[in-house]
Every structure is written in structure tokens, then in C-alpha cells.
Amino acid sequence: MSHKKIQKLVGTALLTALVIVLQLFGSGFRIGPVAISLVLIPIVVGAVIYGPGIGAFLGAVFGVVVIGMILGGMDPASMLMMQFNAPATVIVCLVKGILAGLVAGLVYKALRKKNAKLGTVLAGILAPIMNTGFYVFMVTFVFTDLMEKSYKLQGTGAVFAAIMAMIATNFIAELITTAVISPIILFALKKANGARLNK
């Protein structure tokens, strides 16, 4: 096995461990009621350095950890979704993470020769957009009945509105942290290596 392949394998393993740790313990990072999720950062870093395939793999790892947390009772809201429609919930968890890593990698790959800096920044922006965007799509169009049952029990649309407000708030925090921190890490790595990322 070549040195480059070994380096990629080790790097991917480290990023995989980081994804797992950040997802399991990421809820501890909070500003008031808002949970600051950092898990997309290693996914974007892996997608840019090693390509969209590794980005998708790291996103899938993220999804598997989320599923494990739901089954372990660590995410009550998602547990309700799992009880309502388990296959759709599994699809949500896996696909949103995979899309985040895949799209980040594809965007950087498409732009790296023309404008690597722009590609890096866009990768950091698009990952949280894909992650949250797919989640909102599925919640809106697949779990509508669940939401309707929830707010009808309350007599108002307060539950649905609260869920969407929470998603929007967490998305903004996730977008800011990923879009800012990911490029900083990648630019630092590029400078340290003295070479173009993802050749």
C-alpha cells in the first residue's frame, strides 16, 4: 500500500472518530437554548481533502450514530418520528448526512482548479444547507400526519411552529460554525502541507 493511501486511510479513520465523538457529545456545546453542532466540520474537511466519496462515507457514519442515539433514547423528538415511521426516519438520518458530505465534496472538486478558496467556502456553506434542507423536506412532506396529530392534541399549531423554530435556530448556528470553522481548518492544513488539497 502506498504512503498516500495509508495517509488517506489514517486521516479518514481520525475524521470518523471525530464525527462519532462530536455527534455523541455535541449537545454539550450550547449558547443559551441553542445546541451548537460541530459534527459537519470533519465531514466537510474529509470531503474537501479526500473527495466526495469520503465525504459521503463520513456523512453516513454521522447518520448511523444519530440512529443509534434515537434507539438509545437520547433523542426523544426523533424517537417519536421513529415510532411513527421507522423506515422514513432511518432514510432521513442517513441521507441528510450523506448529502451533506457528498455535495460538499462535489462542489469543491468542481471548483478546486478554478477557485479552490471559493470551493472550500461553498463546501462549508452547502453541507449544513443539505443536512437541514433534506430533514425539513422529510418532516414537512413525510411526517405531516405526525405533526398534525401533535398539534391537534394541543388544539393549536404551537407544536409544529415550535419544532420549525427550533430547526431554524439550530440551522443558523450550524451554518455559521460550519461555514466559518471548516474553511479555517482547511486553509491551515493547506498552508501546513504546502500543497493543493484533494489533488
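Let me begin with a term: a contact here means heavy atoms within 4.5 Å. With that in hand, and bearing in mind that what we are looking at is a predicted model, we can say that residues 24 or more positions apart account for 74% of the contacts in the protein chain with a separation of 6 or more.

Let me turn to the overall layout. The protein chain has seven helices and two strands, and if you follow the elements from the N terminus on, they run α-β-β-α-α-α-α-α-α. Of the 199 residues in the protein chain, buried ones make up 42%. The accessible surface of the protein chain comes to about 10,400 Å², and carbon and sulfur atoms hold 72% of that surface.

Now to the interior. As general background, nonpolar side chains in soluble globular proteins tend to be buried together. In this model the largest nonpolar core has 31 residues, and the members that touch the most other members are V19 and F62. Two or more residues of this core come from each of α1 (3–25), α2 (40–50), α3 (52–71) and α5, with α3 giving the most, at nine residues. Which residues does V19 touch, if we leave out those up to four places away in sequence? The list is V39, P42, I43, L58, V61 and F62. Apart from the largest core lies another one, of ten residues, which includes V92, F134, V139 and M164.

Two glycines deserve a moment. G105 is found in helix α5, and, because its relative accessibility is 0%, G105 counts as buried. Setting aside residues up to four places away in sequence, G105 touches A47 and P52. For the first of these partners, G105 and A47 are 58 residues apart in sequence, yet their C-alpha atoms are 4.4 Å apart in space. The other glycine, G11, lies in helix α1, and its relative accessibility is 12%; since the cut-off for buried is under 20%, G11 counts as buried. The C-alpha atoms of G11 and Y50 are separated by 8.8 Å, with their positions 39 residues apart along the chain.

Let me move on to the aromatic rings. How many aromatic pairs does the count come to? The count comes to one, and that pair is F137 with F141, whose ring centres are 5.0 Å apart and whose planes stand at 45°, so the pair is tilted. The reasoning rests on the cut-offs, because planes under 30 degrees apart would count as stacked and those over 60 as edge-to-face. F137 and F141 are four residues apart in helix α5 (residues 86–141), so about one helical turn separates them. Are these two rings' residues buried or exposed? F137 is partly exposed, with a relative accessible area of 44%, whereas F141 is exposed, at 60%.

Finally, the surface. I172, I176, V180, I181, I184, I185 and L189 form a nonpolar patch there, and together they have about 560 Å² of accessible area. One of these residues, I185, is found in helix α7 (residues 158–193), and with a relative accessibility of 32% I185 counts as partly exposed.

To close, then, I would ask you to keep in mind, for this predicted model, the core in which V19 and F62 touch the most other members, the tilted pair of F137 and F141, and the nonpolar patch on the surface that includes I185.

How values were computed: Residues are numbered from 1 along each chain as its sequence is written. This is a predicted model: local features need pLDDT of at least 70, side-chain atom pairs count only at pLDDT 80 or more; totals for chains, interfaces and linings use all residues. Side-chain values use heavy atoms; hydrogens and water are left out. Rings of Phe, Tyr and Trp (its six-membered ring) pair if their centres lie within 6.5 Å; planes under 30 degrees apart count as stacked, over 60 as edge-to-face and the rest as tilted. Buried means under 20% relative accessible area, exposed over 50%, partly exposed in between (1.4 Å probe, protein chains only). A nonpolar core is a set of buried Ala, Val, Leu, Ile, Met, Phe, Trp, Tyr and Cys residues joined through side-chain atoms within 4.5 Å. Accessible areas come from the Shrake-Rupley method with a 1.4 Å probe; for residues, only the protein chains shown count as cover. Patches are made of residues with over 30% relative accessible area and no salt bridge: like charges are joined within 9 Å, nonpolar side chains (Val, Leu, Ile, Met, Phe, Trp, Tyr) within 5 Å. A salt bridge is a side-chain nitrogen of Lys or Arg within 4 Å of a carboxyl oxygen of Asp or Glu.
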